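Reader: I would like to go through a model with you and ask, for each label you attach to a residue, how you arrive at that label. Could we take the reasoning one step at a time?

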Amino acid sequence: MVVRDNWMHDNGQFEKQTSGVQMSMSRRITVSGNTIHDGPRACIDINDGTWGGHVIENNDIFNCVKETSDHGPVNAWGRDRFWPLDADDATKKSYAKLDAMETTVIRHNRIWHSSHWDIDLDDGSSNYLIENNLLLNGGVKLREGFHRTVRNNIFVNGGAHFHVWYADNGDVIENNVFATDDPYDLIGVDMAKSRPVIDKNVFWNNGKGVADINDAWRAQGLDVGSVIADPQFTGSNPFTDPKKLDYTVAAGSPALGLGFENIAMGGFGKAGAPTPPPLQWRAAPADPYKSLAEPLLGATATQIYSDEIKSSVGLTDYDGLVLKTVPEDSYAYRSGLRVNDVIREINGRKVTDRTSYWTP
């Protein structure tokens, strides 16, 4: 089946759980050359994709997820047979391709979003190749799952969100260009266990430095061949020109030296359809106190201060305190608490934030 050369917009006037293109329990569907914008939920959705082999390419996608949350303009949830198993990670990995038999490819799309991730591979979505995409204002989320490759994409004002990874997950993050101050967001991830390949990326924050890429990160074998350097976008600077849509890198770009290949900046969507709005550079959090980790029974906890945290712990609201670290010698650990547990209630009293936790 092929869905090609359509202009889809303003769907969901009555039913909100809807998408421009919805794929479920299917194989080898191609979605190509469409412009999809202004919808209440994801613009392209793969739920229970099951057998894979889908190709999502050459689309222009923007102004999605306007009335819902916790997903992206291109959204997927796997929920295949391995996902709910009460089994070790190696067993789950051995089952991952029983359903996701063929690789689903998401390539050469321009995706604009006003929030955290343009492509959301949720709930064990496995066996994906994400390449040659221009990702504006968002990034890519990989939650659980196995065998995901994210390569040769341009991230502008967004990064890679790694949530609740399995051991030895087979993920690869390479040859990407990150124009952002925060390229990685890790929630419930132990890199020593998950053992992904993360390397040969370029990071740039308009000369301000990139906090995530430090000696401790590289000591884990991550991004050892990557660089923090100006990727040399031709034309105007995206940090000062929010209307910029051409992110070709110049011939002398360090990205090209690491193996990145320029992405064609044309051929997105249906000819004559509208194009994405300007970038929306995110400001610093209005209340950084909410993200401050504080001691709790020998562990550390924060409020649920972001959509990423809310998504990673499977909540629909921001109530509670989430455990960020729980050392094995702590009273919290001996009491049965673990990393990513959320304290929502104490003796019948609701916990909404740090103040409600400590207030008798």
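Author: Let us begin with a term that the next answer needs: contact means that heavy atoms lie within 4.5 Å. Please keep in mind throughout that this is a predicted model.

Reader: Which residues does Asp-118 touch, not counting residues up to four places away in sequence?

Author: With those neighbours in sequence left out, Asp-118 touches Gly-72, Pro-73, Val-74, Ile-111, Trp-112, His-113, Leu-135, Leu-136, Asn-137, Gly-138 and Gly-139. Each of them is listed because it has heavy atoms within the 4.5 Å that contact requires. As for its place in the chain, Asp-118 is found in the loop between β11 (110–112) and β12.

Reader: Why does Asp-118 count as buried?

Author: The label buried applies under 20% relative accessible area, and Asp-118 has a relative accessibility of 0%, so the residue is called buried.

Reader: What makes Arg-41 count as buried, and with which residues is Arg-41 in contact?

Author: Arg-41, in the loop between β5 (35–37) and β6 (44–52), has a relative accessibility of 8%, which is under the 20% limit and therefore earns the label buried. Beyond its neighbours within four places in sequence, Arg-41 is in contact with a list of residues that includes Lys-16, Cys-64, His-71 and Trp-77.

Reader: Why is the pair of Arg-41 and Asp-45 called a polar contact?

Author: The side chains of Arg-41 and Asp-45 are joined at 3.3 Å, and because a polar contact asks for N or O atoms within 3.5 Å, one able to donate a hydrogen and the other to accept it, the pair receives that name.

Reader: How do you know that the side chains of Asp-122 and Lys-141 meet in a salt bridge?

Author: A salt bridge needs a side-chain nitrogen of Lys or Arg within 4 Å of a carboxyl oxygen of Asp or Glu, and for Asp-122 and Lys-141 the distance from N to O is 3.4 Å, so the criterion is met. The pair links distant parts of the chain, with Asp-122 in strand β12 (residues 119–122) and Lys-141 in strand β15 (residues 140–143), 19 residues apart. Both partners fall under the 20% limit for buried, since Asp-122 has a relative accessible area of 9% and Lys-141 one of 0%.

Reader: Which residues are linked with Asp-122 and Lys-141 in a network of salt bridges?

Author: The network also takes in Asp-70, Arg-79, Asp-120, Asp-123, Arg-143 and Glu-144. Within it, Glu-144 and Arg-143 form a salt bridge whose closest N and O atoms are 3.3 Å apart, and both of these residues are buried. The search of the whole structure finds 22 salt bridges.

Reader: Are Asp-319 and Lys-350, whose side chains meet in a salt bridge, buried or exposed?

Author: The two partners receive opposite labels: Asp-319 is buried because its 17% is under 20%, whereas Lys-350 is exposed because its 53% is over 50%. Their N to O distance is 3.1 Å, within the 4 Å allowed for a salt bridge. Asp-319 lies in the loop between α5 (307–312) and β27 (321–325), while Lys-350 belongs to strand β30 (residues 349–350), 31 residues apart.

Reader: Which residues are closest to the centre of the second largest pocket?

Author: They are Asp-70, Arg-79, Asp-122, Asp-123 and Ser-311, out of 13 residues that line this pocket. Its volume is about 220 Å³, and its lining divides into two nonpolar, five polar and six charged residues.

Reader: What lines the largest cavity?

Author: Its lining has 16 residues, with Gly-49, Thr-50, Ala-100, Ser-126 and Tyr-128 nearest the centre, and strand β6 gives the largest share, five residues. By class there are five nonpolar, nine polar and two charged residues, around a space of about 100 Å³.

Reader: Why is Asn-63 called partly exposed, and why is Asn-347 called exposed?

Author: Asn-63 has a relative accessible area of 22%, which lies between the limits of 20% and 50%, so the label is partly exposed. Asn-347, at 82%, is over 50% and is therefore exposed. Asn-63 has a positive phi of about 55° although it is not a glycine, and for Asn-347, likewise not a glycine, phi is about 50°.

How values were computed: Residues are numbered from 1 along each chain as its sequence is written. This is a predicted model: local features need pLDDT of at least 70, side-chain atom pairs count only at pLDDT 80 or more; totals for chains, interfaces and linings use all residues. Side-chain values use heavy atoms; hydrogens and water are left out. Helices (H or I, at least four residues) and strands (E, at least two) are DSSP runs, numbered from the N terminus. Buried means under 20% relative accessible area, exposed over 50%, partly exposed in between (1.4 Å probe, protein chains only). On a 1 Å grid over the protein atoms alone, a cavity is a set of points where a 1.4 Å probe fits but cannot get out, and a pocket is an open set with protein on both sides within 12 Å along at least five of seven lines; lining residues have an atom within 4 Å of a point. Grid points are joined across faces, edges and corners, and a volume is the space filled by probe spheres set on the points. Ala, Val, Leu, Ile, Met, Phe, Trp, Tyr, Cys and Pro count as nonpolar, Asp, Glu, Lys and Arg as charged, and the others, Gly among them, as polar.
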